[in-house]
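Please open the model in a viewer and keep a selection panel at hand. The tour proceeds by selections, from strands to aromatic rings and then to a single loop residue.

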Amino acid sequence: MDFIKRHYEKIILLGLFLVFIGLMLLVQSVINSTREVNENDLRLPQRMPDYENIDPESPEFDTDARWQNSRFQWVAAAVSENDSPAVDFVSMFELADCPFCHKDDVGKRTLIPKFFFDLEGGKCPECNTELTASLNIDVQAEEERISSAEERERIERERIEEERRIVEEENKTLCEIADNIRKEEEEAEKALENVAESLRKAEEDEVNIMVEVANALHQREEERRRAEEERQRAEDEKDKDDDGLLDEIESVYGMDSNDEHDIKYDNDGDGFANLFELRTPTGREEGEFYKPNDPLSHPPLWWRLRVKDIRQIELPVRFMALIHNDSDDKSGWMMQFNHPDPRRPGREISSYLSIGGTITIDGRPYRVTDAELIITDRKRAGGNLDAGEVTEKVDESKVTLVEVVPEGEGRTPDRLVLVINQKAYSNDRRPVLVDTGSLARREYILRVGQTITLTLFSPREGGNVPALTRTQRRAQARTYRLKAVDPQSGQVQFEEVVTGDRQPDTPGVIVVDRQGKIPENLWPIRKVERSTSEDDQDHHGAVPGTGRPRR
């Protein structure tokens, strides 16, 4: 519809032009169907009349000269009884016409008395051609024939005259129609010229309007650009370190307006970066956000958790040896296990158990229920070319451990099968959780039912944040119990463990996934120490020569 409105006059002009073409084609078809009749069209085909008028003074009527020059001779039979020549002259007017005489001279006839034909024995005295048909001429019929021919000629002339008159009237009508069409064409052409002129003026006006609009838009864009430049210049003056926070805001929350990295510092030690707290609403009041300089103002601590992986974990135990003393009695067998020393972290101890003995693995007691001695012959290449293959005995013994479940828990005990000198892995898949609020990105591996406790950290030095007492710090700690693990979706479910009268920060089920609540670019970082030498620190602010980040 907008296109039709903009080009309305052009569409009208195109329609008039098509009407003009249609009228021209109509006139051409009328002229072709009623073509003008000229004299050549009215001319009758030439034909010779049935007779011709002969001048009485013509030499043909000079009988004396005719008979003197003729070879015809009067015979006695032509003379009457009283020798009167009048009888002969009377018989002379019984004329005949030879069709062979003057046959190449169309329209010329020679009348000869029939008597001379009889004298020649039925031959023409002129051309000596024998005649087979009768040569009698009915004078009365000939006169009637001539009279009817004249009448037909008269009627034909009248018909031709009438047709000529009709053709003249039709030509006159066609001329009038042609004049009217010509006048209509001239009027249509003038109308088309007027429409074209109107369209041209409209286009010029539209172009002028578009130019004015373009100039106005350009001017407005220039003004907007200048205003944006002015605003940016003013903001740059208000944000010296160009970190996106105005110096005024940084001053309110005790941040450094000359340090572009301070938006990712954790000034109050709650495990959340300064910029993340400033952008996260509390949900209590509209327009209220967390404060980066108050350790008591922060989102729920479980927001710091992120699922890094869900996998089977290596258990802290290894089956080392099966002492069977060449006996088939399993009750006398001893099994050696290596596991961490609970009294000395980082060191291992060995325990020797028989069938029925127990060992603590991953914080849960397991009882030895069965053992299997498996010695396999295995061939391998010898130590030199002459030795060939060497057969050796390989110990692949196994031991079965079953978890000791206290009465009343009502769950299926876990079952482990350990192969000698091989790593042992858990049957269940456990989540590896990362505390993104910790500068060291501490990791936790939990099984269903275990808990994790998140606490606050010490405020950053020089942040002008009051330190919390031990009681306050303990009160801010939060404990979460792992309820379920979904390896396919990569999600784990927690519930907050609440003691006393305190209400949980997040009632119901807490869901932690691989993305976490905090974007990776807003995880807290260590303070970047300024130095005149690039060799004194790496881009993480590590202490030179130690590889350890600065605190």
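Which strands form the open sheet of four strands, and in what order? The order is β7-β8-β11-β12, with antiparallel pairing throughout this open sheet. Two strands pair if DSSP finds at least two bridges between them; helices (H or I, at least four residues) and strands (E, at least two) are DSSP runs, numbered from the N terminus.

Before the selections continue, two remarks on the source are in order. This is a predicted model, in which local features need pLDDT of at least 70 and side-chain atom pairs count only at pLDDT 80 or more, while totals for chains, interfaces and linings use all residues. Residues are numbered from 1 along each chain as its sequence is written, and side-chain values use heavy atoms, with hydrogens and water left out.

**The whole chain**

Display the protein chain in full: 10 helices and 18 strands are present. Of its 551 residues, 26% are buried (under 20% relative accessible area; exposed is over 50% and partly exposed lies in between, with a 1.4 Å probe and protein chains only). Among contacts with a separation of 6 or more, 51% join residues 24 or more positions apart, where contact means heavy atoms within 4.5 Å. The accessible surface comes to about 37800 Å², and carbon and sulfur atoms contribute 49% of this area (Shrake-Rupley method with a 1.4 Å probe; for residues, only the protein chains shown count as cover).

**The four-stranded sheet**

Return to the sheet β7-β8-β11-β12. Its edges are β7 and β12 (415-419); each has a single partner strand, so one side of each is left without a neighbour in the sheet. From one strand to the next, the twist averages 35° (axes are lines fitted to C-alpha atoms, for helices over the stretch in contact, and angles run from 0 to 180 degrees between N-to-C directions).

Select residues 358-361 and 364-372, which are β7 and β8; these antiparallel strands are joined by four bridges. Thr358 has Arg367 of β8 as its bridge partner. Two residues lie between the strands of this hairpin, in which Asp362 takes a positive phi near 55°. Next add residues 398-403, which are β11: six bridges join this strand to β8 in the antiparallel sense. Here Val368 stands opposite Leu401 of β11.

**The three-stranded sheet**

Move to the open sheet with the order β4-β5-β6, whose three strands pair in the antiparallel sense. The edge strands, each pairing on one side only, are β4 (318-323) and β6 (348-353). Neighbouring strands in this sheet are turned by 25° against each other on average, direction ignored. Select β5 (residues 334-340) together with β6 to see six antiparallel bridges; Pro340 has Glu348 of β6 as its bridge partner.

**The aromatic cluster**

Now show the side chains of Phe272, Phe276, Trp302 and Trp303, which ring pairs link into a cluster. How many aromatic pairs does the structure hold? There are four; rings of Phe, Tyr and Trp (its six-membered ring) pair if their centres lie within 6.5 Å, and planes under 30 degrees apart count as stacked, over 60 as edge-to-face and the rest as tilted.

Phe276 and Trp303 form an edge-to-face pair, 6.4 Å centre to centre with 70° between the planes. This pair links distant parts of the chain, 27 residues apart: Phe276 belongs to helix α9 (residues 274-279), and Trp303 to the loop between α9 and β3 (305-311). Phe276 counts as buried because its relative accessibility is 7%, and Trp303 is buried at 19%. The rings of Trp302 and Trp303 have centres 6.4 Å apart and planes at 80°, so this pair too is edge-to-face. Trp302 is buried, with a relative accessible area of 8%.

Add Lys517: its charged end sits over the ring of Trp303, 5.4 Å from the centre (NZ of Lys or CZ of Arg within 6 Å of the ring centre and within 35 degrees of the ring normal).

**A buried loop residue**

Finally, select Thr436, in the loop between β13 (430-435) and β14 (443-445). Is Thr436 buried or exposed? Thr436 is buried, because its relative accessible area is 2%. Leaving out residues up to four places away in sequence, Thr436 touches Arg304, Arg306, Arg441, Ile518, Trp523 and Pro524.
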